[in-house]
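Work through the exercises below with the sequence and the 3D structure open beside you. Try each task before you read its solution.

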Amino acid sequence: MSGTLRGKVCVAGVAETTYYKRGEAPDAEFKLALEAIVKACENAGISAKEIDGFSSFSNDRSDASRLSAALGIHDMRLANMQWGGGGGGGSGAIANAAAAIATGQAECVVVFRALAQGQFGRFGQGPQRNTISGEFAHTIPYGLMSPAQMFAMKVNRFMYENNVKQDALRAISLASYHHAQNNPRAVMHGRPLDEKKYENSRWIVEPFHLYDCCQENDGAAAMIFVSADRAKEFDHPPCYLLSAVAGSHHRAGAPVHNAPDYATSAFKTLVPRLYDMAKVKAGDIDVLQSYENFTGGVLMSIVEHEFCLPSECNEFFTLENLTNPNGKLPLNTSGGNLAECYMHGLGLNIEAVRQIWRESSNQVDNAEVSMVISGPMVTPVSASIFGSEATL
Amino acid sequence: MSYYLKLGLPKPVPAPDGLDAPFWEGLAEDKLMIQRCRACQRWQWGPEWICHGCHSFDLTFEEVEPKGVIYSHERVWHPVHPALNNQGPYIVVLVELAQSPSVRIVGNLLGDPEQTIPIGAEVAAVFEHHLDDDPVHTLLQWQLT
């Protein structure tokens, strides 16, 4: 493949702020962004003045030029925003950062995301206004307005087509909560979930119980990327980017639920590019972080990334299969968006790196290939694969 | 006239750029108007300025039979808007139109909100006129046939 990102960049440092429940951060969103970036540089052992590029997603409000000014950076060379909402751009922002470094556009790029919903309003509520026009005029007056409501429609169709039972969604939720109990950073640390508590939780929108839905949180997360030539300068074991891709399929964004291929997490066209670049296949993945906006999106993502067939969901998605240390596919080992923090998924990329660094609170033995699926069911989506020295 | 959902949600108005105006004008007259390319006859939804198939800008809106089948559905329990706080569960359906099967429309399924919702079942449109509201508008609802 020409133009590959495989092995071209490495992760120098990662960090997050304290993760808070929605609206509870004591600090301004921009301050949270700065704190995460400075801490990620400390984790790398470099000065934040070495940063020469910013890459983010989901219309992050912490503007690159303000960050650059605040940090006293002398030569900003990249100010990049991956289009699209939700967490679909998490790995996409990494792909953009890596492409810039690999082609010499920038040398030290921070990928970051900051959220303070107390300061700026929630995702999970409908707009309170008298009229609505455009695409949402065709959905909101019918009571279809929140992300859960937008995506339940896709998941119901997928579950109908493939005879998937609710237990498969439940296993995904239980796995995240299970892993969060070992992760002191997790907002749901100390708040375990079991089958009964899941079953007794209220419906948000069928097929999503409360615990099928991500949290809404305040905080910030940041990752520092540099050329792979520098991988051995840092205290961490080398962690290379093996692949990062973004995009979506034919007319994925057709308005009012009109994508021709509808019941999908939107990864079908990305997966061949993802695995070809990394030179791996699903069976080579040691540990997976898969963005949970809602469990149904994880289900479809994992199917589309070829870990199981659509017809095998009821057998594949069990708590045993998805948890460390005995599962076939340890999933969301930090607790993920459901139980660690909803930082639009960038926490998943950080956890994937920590697995390679042997720093996870649910460390998978001999994790060499560590994958992240970012933001299912939106458009564009993205995914990334990290690898240890041994994978190059 | 009774309404399926409690009043107070944002009311639909045509897009300021005029892109979907014929659709809303049609609903007011009990007609379902869907965008179609005059050049290649392809149906297209939601409306756009260009045909996604042949890139013609010569697009029109044609009346189609207000019938279809349930392609997907959801029963909503948690209100995310104050107008729905005392609503209880309600059903949203995604309907694939019979005459233009590449087109799907969102609406509510009339009747018992706790009914079993059969994917693939045939439905017909009900034009829910809100004539005493400001602005006046019409919603497109669906019922099993």
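Helices (H or I, at least four residues) and strands (E, at least two) are DSSP runs, numbered from the N terminus. This is a predicted model, in which local features need pLDDT of at least 70 and side-chain atom pairs count only at pLDDT 80 or more, while totals for chains, interfaces and linings use all residues. Residues are numbered from 1 along each chain as its sequence is written, and chains are lettered from A and ligands numbered from 1 in the order in which they are written.

**Exercise 1.** Describe the make-up and the overall dimensions of chain B.

Solution. Begin with the elements: chain B has one helix and nine strands, and along the sequence they follow the pattern β-α-β-β-β-β-β-β-β-β. Next, consider the extent of the chain, whose C-alpha trace spans about 50 × 35 × 25 Å along its principal axes. Finally, compare the radius of gyration (taken over C-alpha atoms) with the globule rule, which is 2.2 Å times the number of residues to the power 0.38. For 145 residues a compact globule would have a value near 15 Å, and the 16 Å of chain B agrees with that.

**Exercise 2.** Work out which strands of the sheet E3-E2-E4 in chain B stand at its edges.

Solution. Start from the rule that two strands pair if DSSP finds at least two bridges between them. In chain B, three strands form an open sheet in the order E3-E2-E4, with antiparallel pairing. Strand E3 (43–44) and strand E4 (59–64) of chain B each have a single partner strand, so they stand at the edges and one side of each is left without a neighbour in the sheet. Then look at one pairing in detail: strand E2 (residues 32–37) of chain B joins E4(B) over six bridges in the antiparallel sense, and B:Ile34 stands opposite B:Glu62 in E4(B).

**Exercise 3.** Find the buried residues of helix H8 in chain A and say how they are arranged around its axis.

Solution. A residue counts as buried if 20 or more other C-beta atoms, placed from the backbone, lie within 10 Å of its own (exposed if 12 or fewer, partly exposed in between). In H8 (residues 270–278) of chain A, this holds for A:Leu270, A:Leu274, A:Tyr275, A:Met277 and A:Ala278. They lie on the same side of H8(A), because they cover an arc of only 165 degrees around the axis, where the arc is that of the directions from the helix axis to the C-beta atoms. An α-helix has 3.6 residues a turn, so residues three or four places apart point the same way. The cover over the buried residues of H8(A) includes strand E10 (240–247) and strand E13 (381–387) of chain A. Just after H8(A), A:Lys279 takes a positive phi of about 60 degrees.

**Exercise 4.** Describe how chain B meets chain A.

Solution. First count the residues: 35 from chain B and 39 from chain A take part in the contact, where two residues are in contact if their C-beta atoms, placed from the backbone, lie within 7 Å. On the side of chain B that touches chain A, strand E1 (11–12), strand E5 (67–76), strand E6 (90–97) and strand E7 (104–108) of chain B each supply at least two residues, and E5(B) gives the most, with six residues. The last step is to follow the pairing between the chains: strand E6 (residues 131–132) of chain A and E1(B) pair in the parallel sense over two bridges, and in E1(B) the bridge partner of A:Ile132 is B:Pro12.
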